[in-house]
Amino acid sequence: MTISKRLSLSLHLKTAHYHLVAARVLFVCLSTSLWPSVSHASTSPDKIWSEIESRGRNQDVYFHAWGGDPQINMYILWVAEQVKQRYSINLHQVKLTNTSEAVSRVLSERSAGNHHNGQVDMVWINGENFASMAQHQLLTPNWVSQLPNFSLTNPEHNPAMTRDFGVPTQGMEAPWGQASLSFYYNSTATTVPPLTLLQLLDWSQDHPGRFTYPKPPDFLAMSFLKYALIMLNDAQPTAIKERLYQPASPQSEALLLPVLWQFLDELHPSLWRKGQHFVSSGMTLRRLVGDGELNLAFTFSAAEIPAAIARFDLPSSTRSYKMQDGSLSNIHFVAIPYNAAHIDSAKLVINFLLSPEAQAKKQHIEVWGDSTVLDRSLLTLTQQTLFSTQTAKQDNKQTIPDAAATSMAHYVASPALSEPHPSWTQIIAQQWLSRYGVKP
């Protein structure tokens, strides 16, 4: 019996929300020899921030961030213009292909005894990379509450703002945005797209060569594999499913991973190039859809699709949607390494990233489409109007073609699936490469 038949009774069209289990994570004690201890017990928050502003002006700030999306890069350029005007800060984006590059740099600097003049002032981060940097004491702790705009995330009533893949952030990173896994397809080639993981398997087998996913450890690849892992284990007893949100162990791997490999064994022969070759990134997926080689793909930024249509990178017949059985969702953050050369300047930049102006601009689909982390109920009416799509279009003096706007109208109800514990990412990637590793 195939996995599709064996699991279809428990996995089709699921809409119940998952009760997420907070992971228990043991952090290594914070080292006071690396992190300076400054007491502000008798100083008001306004006074502290005023001093940060004074020290942080007129500096260069090096923001290490993934550089694979032109829209995001353009948004960071806009941020650079804003902080230049406000603080005379020169913000430089150091474009990464993988966040682990920044982690390795900071770790190397610490090994070399460089504890105060690091080259990474800010890093765009979440998940496994955050857990690794926190464990190795590579991040500045307890600074986020100093940011005036952090309160607009309403952290006391929104615990997601202080947890990264279930791991407490302990003031080491500030939330920047949130997104979820979305699929898109060419509606002229596919009139009825798959709405669940098992429907995806059937669809791929009925349309051989028209779907694929990137090669791990690419972020988008791992997002797809984690989505599959969650859904394929949905029929498991709760006590077993909860292990996904705890540190991986040989026992939990044996319980949870076999069904993923069985699913992929069935899926791969029907993939693009018969699963013998995997693309390197989500951008390549999008190009293949634009060229007509693929009819179905996915992204972690839904607004990427109408923007690509507006640039004529995708046909106007492209439609985007979320799977009915669930959408992997997470919040991404910005952190400051413990040895950053311009810590106060980085705080000024990150506080601006959390401003209603910056968050509203980032959320508009023609700019980035990344959902805000702010609690809009805490904003003034004037600030709330910044999130109006029409206002953004007028401010930017541009519009989105009707076909692109239509592409966003094909969403269905989709339960949010929380990211598994960060330890699962490396385990899945390693075992995938040992089973299916091929040339990129």
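At roughly what angle do the axes of α6 and α10 cross, and within what distance do they come? I began my notes with this pair, bearing in mind that the model is predicted.

**Entry 1: α6 and α10**

I found that the two axes cross at roughly 25° and come within 10 Å of each other. Angles under 35 degrees count as roughly parallel, and I therefore entered α6 and α10 as roughly parallel to each other. On the α6 side I listed Leu197, Leu198, Leu201, Ser204 and Gln205, which meet Phe263, Glu266 and Leu267 of α10. I then looked at α10 by itself and noted that seven of its ten residues are buried, so this helix is largely enclosed by the rest of the structure. The buried residues of α10 are Val259, Leu260, Trp261, Phe263, Leu264, Glu266 and Leu267.

**Entry 2: the nonpolar cores**

I next looked up the largest nonpolar core, which has 59 residues, and in which Phe183, Tyr213, Phe224, Tyr227 and Leu264 have the most contacts inside the core. At least two residues of this core come from each of β7 (182–186), α6 (197–206), α7 (219–232), α10 (258–267), α11 (282–290), β8 (296–299), α12 (304–310) and α18 (423–436). The largest share, ten residues, is supplied by α7. For Tyr227 I set aside the neighbours within four places in sequence and recorded contacts with Leu181, Phe183, Thr196, Leu197, Met323, Asp325, Gly326, Leu328 and Leu417. I also noted a second, separate core of 41 residues, which includes Ala65, Tyr87, Met122 and Phe150.

**Entry 3: α7 against α18**

How far apart are the axes of α7 and α18, and at what angle do these helices pack? I read an angle of about 100°, with the axes 11 Å apart. The range of 65 to 115 degrees counts as roughly perpendicular, and I therefore described α7 and α18 as roughly perpendicular to each other. The residues that meet here are Met222, Leu225, Lys226 and Leu229 in α7 and Trp424, Thr425, Ile428, Ala429 and Trp432 in α18.

Lys226 held my attention, since besides meeting α18 the side chain of Lys226 forms a salt bridge with that of Glu419, at 2.8 Å from N to O. Lys226 lies in helix α7 and Glu419 in the loop between β11 (416–418) and α18, so the pair ties together parts that are 193 residues apart in sequence. I checked the accessibility of both partners and found that Lys226 is buried, with a relative accessible area of 4%, and that Glu419 is buried as well, at 2%.

**Entry 4: other salt bridges**

The count of salt bridges comes to eight. One of them joins Arg86 to Glu357, with the closest N and O atoms 2.8 Å apart. I placed Arg86 in helix α3 (residues 70–87) and Glu357 in helix α14 (residues 356–363), so this pair ties together parts that are 271 residues apart in sequence. Arg86 counts as partly exposed at 32% relative accessibility, and Glu357 is partly exposed with a relative accessible area of 32%.

I also looked at Asp291 and Arg287, whose side chains meet in a salt bridge at 3.4 Å, N to O. Here Asp291 counts as exposed at 51% relative accessibility, whereas Arg287, at 45%, counts as partly exposed. Finally, I noted that salt bridges with shared partners join Arg55, Asp344 and Lys347 into one network.

**Entry 5: Glu253 in α9**

Which side chain of opposite charge is nearest to Glu253, and how far away is it? Glu253 has its place in helix α9, and I found this residue buried yet without a salt bridge, the nearest side chain of opposite charge being Arg435, 9.4 Å away. Leaving aside neighbours within four places in sequence, I recorded contacts of Glu253 with Ala248, Pro258, Trp424, Ile427 and Gln431.

Gln246 lies in the loop between α8 (238–241) and α9 (250–256), and counts as partly exposed at 28% relative accessibility. From Gln246 to Pro420 I noted 7.6 Å, C-alpha to C-alpha, although the two are 174 residues apart in sequence.

**Entry 6: α11**

I closed with α11, whose buried residues are Gly282, Thr284, Leu285, Arg286, Leu288 and Val289. Among the elements that cover these buried residues I listed β7, α7, β8 and α12. After α11 comes Gly292, for which I noted a positive phi, near 85°.

Terms used:
Residues are numbered from 1 along each chain as its sequence is written. This is a predicted model: local features need pLDDT of at least 70, side-chain atom pairs count only at pLDDT 80 or more; totals for chains, interfaces and linings use all residues. Side-chain values use heavy atoms; hydrogens and water are left out. A nonpolar core is a set of buried Ala, Val, Leu, Ile, Met, Phe, Trp, Tyr and Cys residues joined through side-chain atoms within 4.5 Å. Buried means under 20% relative accessible area, exposed over 50%, partly exposed in between (1.4 Å probe, protein chains only). Helices (H or I, at least four residues) and strands (E, at least two) are DSSP runs, numbered from the N terminus. Contact means heavy atoms within 4.5 Å. Lys and Arg count as positive and Asp and Glu as negative; His and the chain ends are not counted. A salt bridge is a side-chain nitrogen of Lys or Arg within 4 Å of a carboxyl oxygen of Asp or Glu. Axes are lines fitted to C-alpha atoms, for helices over the stretch in contact, and angles run from 0 to 180 degrees between N-to-C directions. Angles under 35 degrees count as roughly parallel, over 145 as roughly antiparallel, 65 to 115 as roughly perpendicular and the rest as oblique.
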